[in-house]
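Grab your viewer and let's work through a few exercises on a ligand site. Try each one yourself before reading the solution.

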Amino acid sequence: MGPKVCALVQGGEQVTGVGWSVGAVARRLGIAPSTLRTWERRYNIEPSRHTEGGHRRYDETDVARLELMNRLILGGVPPEEAARSALAAGPEELAEPPAPSSVVPSGPAWGAGGNRLAVPDPTPATRKLAGAAMKMDPVAMQDLVWESISTVGVARTWQELLTPVLVGIGERQAASGRYVEVEHLLSSCVQSALSAVLAMADPPLTTRPVLLACAADEQHSLPVYALGAGLAEERVGVRVLGARMPYRALGDAIGRLGPAAVFVWSSMAATGDPLPLADLPATRPAHRLIVGGPGWREAGLPAGVRRVHAYQDALQALRSAVGAG
Ligand code: B12
C-alpha cells in the first residue's frame with residue numbers, strides 16, 4: 001500500500017502531501033517546531049513516517065496524539081505524563097474532545113454574568129475567540145488565532161482580534177475579581193502562537209536588530225511578542241527579551257547587540273517610571289528609544305525618547321528606525 005495522502009485543513013491552510021511536516025504540525029498546535037523535536041527526543045512521541053529524504057511526516061493519528069499531549073500540558077499535566085497518556089491513548093481518546101460547552105458548568109456556579117465575555121465592538125471572530133476563551137478550549141483558541149494570522153497576518157490579528165478580547169477579559173476580570181484562569185490560558189495560547197511566528201520567521205533582511213522588552217517587573221509581555229512577530233513577519237531582525245527585563249540587563253543587551261531601536265513596554269503605572277531610561281547606554285550609531293503601553297508616566301520621559309500609543313504607530317516607528325519603511 002502506498003503512503004496515504006493527507007488533505008487536512010489547519011487554520012484555514014490546506015496541508016497536502018504524504019502527511020504533515022514539522023512546521024505544519026507546530027503551527028497547528030501553536031508551539032515551536034523545536035518543541036516537537038524535544039518531545040520526540042525526550043518522550044519518544046515521534047512521527048510514523050519519513051520522506052525519502054528523511055524529513056519527518058506526521059499522519060492524522062500522530063497529529064491527534066500530539067494534540068492530546070498539548071491539551072494535557074495546557075491543562076497543567078507535566079509533559080512526561082502527558083506524553084505517556086498520549087502514547088497509550090486509544091482511538092476514542094484520540095478523537096475530538098467533547099464540546100467544551102458540555103463540560104463547562106453554567107449558571108451561578110460559573111460566576112456572575114454567565115460564561116460570556118463582553119468584547120468592545122464585537123465581530124464574529126472576536127465573539128468566537130471570546131467564547132473559546134471562556135470555555136477554556138485551547139485547541140479552538142489556537143485554531144482561531146492561527147486562522148487569523150495565516151489569513152490577515154500578525155498586525156491585524158493583534159489589533160482586530162487579540163486586543164479586543166484581551167481588553168474584554170481584563171475588564172471582566174477587574175469587575176468580578178474572577179477569570180484569572182481564563183486570562184492565563186488565553187495568554188498562554190496567544191504567547192505560543194506569537195512565539196511560533198518568531199521561531200518560524202524567514203531570515204531578516206535588516207542588519208541592526210530591534211530590541212523589544214518589558215520594563216523591569218512588568219509581566220505583561222504579549223504586546224512585545226506581538227510587535228516582534230509583526231516585525232519578523234516583515235523580515236525585520238528582532239530580539240524579544242520578554243517580561244520583567246531589569247534595566248541593567250537591557251543596557252547590557254544594547255551594548256552587545258548595537259540595535260537600531262529599542263522598545264520598552266509598560267502596562268502598569270507601577271512599572272512605568274521613566275527615570276531608568278535615562279541611564280540606558282548610548283550607542284554609535286545611535287539607536288532610537290521608543291516606549292509604549294498605558295503604564296508610562298509621560299512627565300519625566302528623557303529627551304529623545306518617543307512614546308507611542310497604538311500598535312500600528314509602534315510598528316511604523318520601529319520599521320523606520322531600521323530603514324524598512
Ligand atoms: C493578559 C493579562 C495578564 C497576564 C499577562 C500574560 C502575559 N504574558 O502578558 C497575567 C495573568 C500574567 C497578568 C498579570 C497581572 N495583571 Co494583567 N492583564 C492582562 C490583560 C488581560 C491583557 C494584557 C495585555 O496584553 N495588554 C495589551 C493590550 C491588549 O491592552 P491595552 O494596553 O489596554 O491596549 C490599549 C493600548 O495600549 C493599545 N495597544 C494595544 N496593543 C498595543 C501594542 C503596542 C505596541 C502599543 C504601543 C499599543 C497597544 O490599544 C489598546 C486600546 O487603547 C490586561 C488587560 C489590558 N487592557 O491590558 C490585564 C491588566 C493589564 N492586568 C492588570 C493587573 C492588575 C495585573 C496583576 C497586578 C494582577 C495581580 N493581582 O497579580 C498582574 C501584574 C503582574 C506584573 N507585575 O506585571 C490590570 C492593570 C491595572 C493597572 N492599570 O495597573 C489590567 C489592565 C486588568 C484590569 N483591567 O485591571 N495580566
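Below are three exercises on the ligand and its surroundings in this predicted model.

**Exercise 1.** Find which protein atom is the donor to the cobalt atom of the ligand, and place its residue in the fold.

*Solution.*
- Start at the metal and look for N, O and S atoms within 2.8 Å, the cut-off for a donor.
- The protein offers a single one: NE2 of His220, 2.2 Å from the cobalt.
- Now trace the chain around His220: this residue belongs to the loop that runs between β5 (210-214) and α9 (222-233).

**Exercise 2.** Pick out polar contacts of the ligand with Trp158, Gln219 and Ser221, and say whether side chain or backbone is involved.

*Solution.*
- Begin with the closest residues, which are Trp158, Asp217, Gln219, His220 and Ser221.
- Trp158 uses its side chain, with an N or O atom 2.9 Å from a ligand nitrogen.
- Gln219 works through a polar backbone atom, 2.8 Å from a ligand oxygen.
- Ser221 also brings in a backbone N or O atom, 2.8 Å from an oxygen of the ligand.

**Exercise 3.** Describe the shell around the ligand, and explain why the ligand lies between two domains.

*Solution.*
- Count first: 28 residues surround the ligand.
- Sort them by type, and you get 16 nonpolar, nine polar and three charged.
- Next, sort by element: α7 (138-176) has the largest share, with seven residues.
- Finally, check the domains: domain 2 (113-199) and domain 3 (201-321) both contribute to the shell, so the ligand lies between them.
- As for the site itself, the ligand sits in the largest pocket.

How values were computed. Residues numbered from 1 in each chain as written. Predicted model: local features only at pLDDT ≥ 70, side-chain atom pairs only at ≥ 80, totals over all residues. Heavy atoms only, no water. Donors = N, O, S within 2.8 Å, 3.2 Å for Na, K, Ca; no water. Helix = DSSP H or I, 4+ residues; strand = E, 2+ residues; numbered from the N terminus. Near = heavy atom within 4 Å. Polar contact = N/O pair within 3.5 Å; in protein donor to acceptor, adjacent residues only side chain to side chain. 1 Å grid on protein atoms, 1.4 Å probe; cavity = no way out; pocket = protein on both sides within 12 Å on 5 of 7 lines; lining within 4 Å. Sits in = over half its atoms within 2 Å of the grid points. Nonpolar A, V, L, I, M, F, W, Y, C, P; charged D, E, K, R; others polar. Domains from an automatic or database assignment.
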